[in-house]
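Before you go further with this entry, here are some notes for a first reading, arranged as numbered points. Please follow them with the structure open beside the text.

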Amino acid sequence: MKPVLYTFPISHFSEKARWGLDIATYDYELHPLVPGQHVTFLKQIVPDTYVPILKDGDTIIQGSGVILDLVDSKAFASPSTTEEKEWESRIDHEIGKNLQTILYSFILDYPTIVGKLFQADPPKKEEQTIIPEHYDLIAMVSRRRYKITPKNVEAAKESFAGLAKEMQSRYAKSKFFNGTSFGRVDLTIASLTSAFALAEEYPGTPWFRAVEMPESFHAWQDSVGMKPLLDRVREFYKEFRNHSK
Ligand SMILES: N[C@@H](CCC(=O)N[C@@H](CS)C(=O)NCC(=O)O)C(=O)O
């Protein structure tokens with residue numbers, strides 16, 4: 001049996017792992033889960049129920065970084081350096097984790113948006129949304145999981161914008177972060193900002209295109225001023241996101 005990758009369709013950390021496996025031409029089955037329903041299912045195999053998870057027989061690898069470690073030598077032209085891994089970790093926290101706090105702070109008050117984003121199959125804009133069962137509970141758990149308080153959301157926005165700008169200046173000097181070839185930092189920043197860049201090659205794009213995000217979300221995104229960074233992300237998707245299942 002092939003290894004199985006458990007994901008959520010719109011999870012940016014899942015996208016990071018999936019892109020790594022795809023670019024390394026690692027053979028696996030994709031098993032998307034519905035957020036909310038994932039807890040009961042994943043509790044049978046892991047104590048902390050987050051995705052991505054790669055399950056190969058009895059071996060379980062959880063988290064995008066460790067999954068990337070598994071394929072690092074095949075995924076990139078040269079093995080990732082300690083410096084690249086330190087940057088990956090910074091991007092995971094300051095962009096990836098903060099984005100969860102920021103995104104959910106904007107959408108949890110809109111069950112129809114969340115309902116569409118959580119759908120297992122790609123939704124259509126004109127389709128009626130099925131509001132997830134026990135939505136109030138899902139919203140409450142998400143607020144706790146992603147530490148959504150006014151103070152945390154402000155801090156997350158500040159930290160996110162700071163690193164996005166820093167990455168943008170790095171990319172103004174060099175196409176690739178390591179100066180020579182598409183590497184681990186490029187894959188990390190691209191997958192963790194995929195919901196903004198909405199490249200055609202990003203498998204989650206149909207979900208985000210099917211919803212009308214609140215005006216306040218767009219206003220915040222514009223205020224960050226990261227268009228050049230997102231242009232580079234779209235370039236990375238076009239050139240390197242070529243094995244999507
Ligand atoms: N550090 C982890 C973060 C993974 C993560 O935050 N996953 C989110 C989806 S993007 C998740 O599974 N959330 C649901 C939960 O925590 O129960 C990684 O690199 O994979």
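1. A pair of helices is a convenient place to begin, with the reminder that this is a predicted model. Helix α8, which covers residues 184-192, packs against helix α12, which covers residues 227-240, at an angle of about 110 degrees and with the two axes 9 Å apart. Angles of 65 to 115 degrees count as roughly perpendicular, and α8 and α12 are therefore roughly perpendicular to each other.

2. Which residues make this contact between α8 and α12? From α8 come Asp186, Ile189 and Ala190, and they meet Val233, Phe236 and Tyr237 of α12. By character, the residues of this contact divide into five nonpolar and one charged, with no polar residue.

3. The sheet deserves a separate look. Four strands form an open sheet, in which the order is β2-β1-β3-β4 and the pairing is mixed. The edge strands are β2 (29-32) and β4, each of which pairs on one side only, and from one strand to the next the twist averages 20 degrees.

4. The mixed pairing can be followed strand by strand. Strands β1 and β2 run parallel and are joined by four bridges, and Val4 has Glu29 as its bridge partner in β2. Strand β1 (residues 4-7) and strand β3 (residues 53-56), by contrast, run antiparallel and are joined by three bridges; here the partner of Leu5 in β3 is Leu54.

5. On the other side, β3 is joined to strand β4 (residues 59-62) by four bridges, and these two strands also run antiparallel. Within this pairing, Ile53 has Gln62 as its bridge partner in β4. The strands β3 and β4 form a hairpin with two residues between them, and in this hairpin Gly57 takes a positive phi near 60 degrees.

6. The last point concerns the ligand. How many residues surround the ligand, and which are the closest? There are 13 residues around the ligand, the closest being Ser11, Phe13, Tyr50, Gly63 and Ser64. Two elements, α1 (12-23) and α3 (64-75), are those that give two or more residues to this shell. The shell divides into five nonpolar, six polar and two charged residues, whereas the contact of α8 with α12 has no polar residue.

How values were computed
Residues are numbered from 1 along each chain as its sequence is written. This is a predicted model: local features need pLDDT of at least 70, side-chain atom pairs count only at pLDDT 80 or more; totals for chains, interfaces and linings use all residues. Two strands pair if DSSP finds at least two bridges between them. Axes are lines fitted to C-alpha atoms, for helices over the stretch in contact, and angles run from 0 to 180 degrees between N-to-C directions. Angles under 35 degrees count as roughly parallel, over 145 as roughly antiparallel, 65 to 115 as roughly perpendicular and the rest as oblique. Two residues are in contact if their C-beta atoms, placed from the backbone, lie within 7 Å. Ala, Val, Leu, Ile, Met, Phe, Trp, Tyr, Cys and Pro count as nonpolar, Asp, Glu, Lys and Arg as charged, and the others, Gly among them, as polar. A residue is near a molecule or strand if its C-beta atom, placed from the backbone, lies within 6 Å of it.
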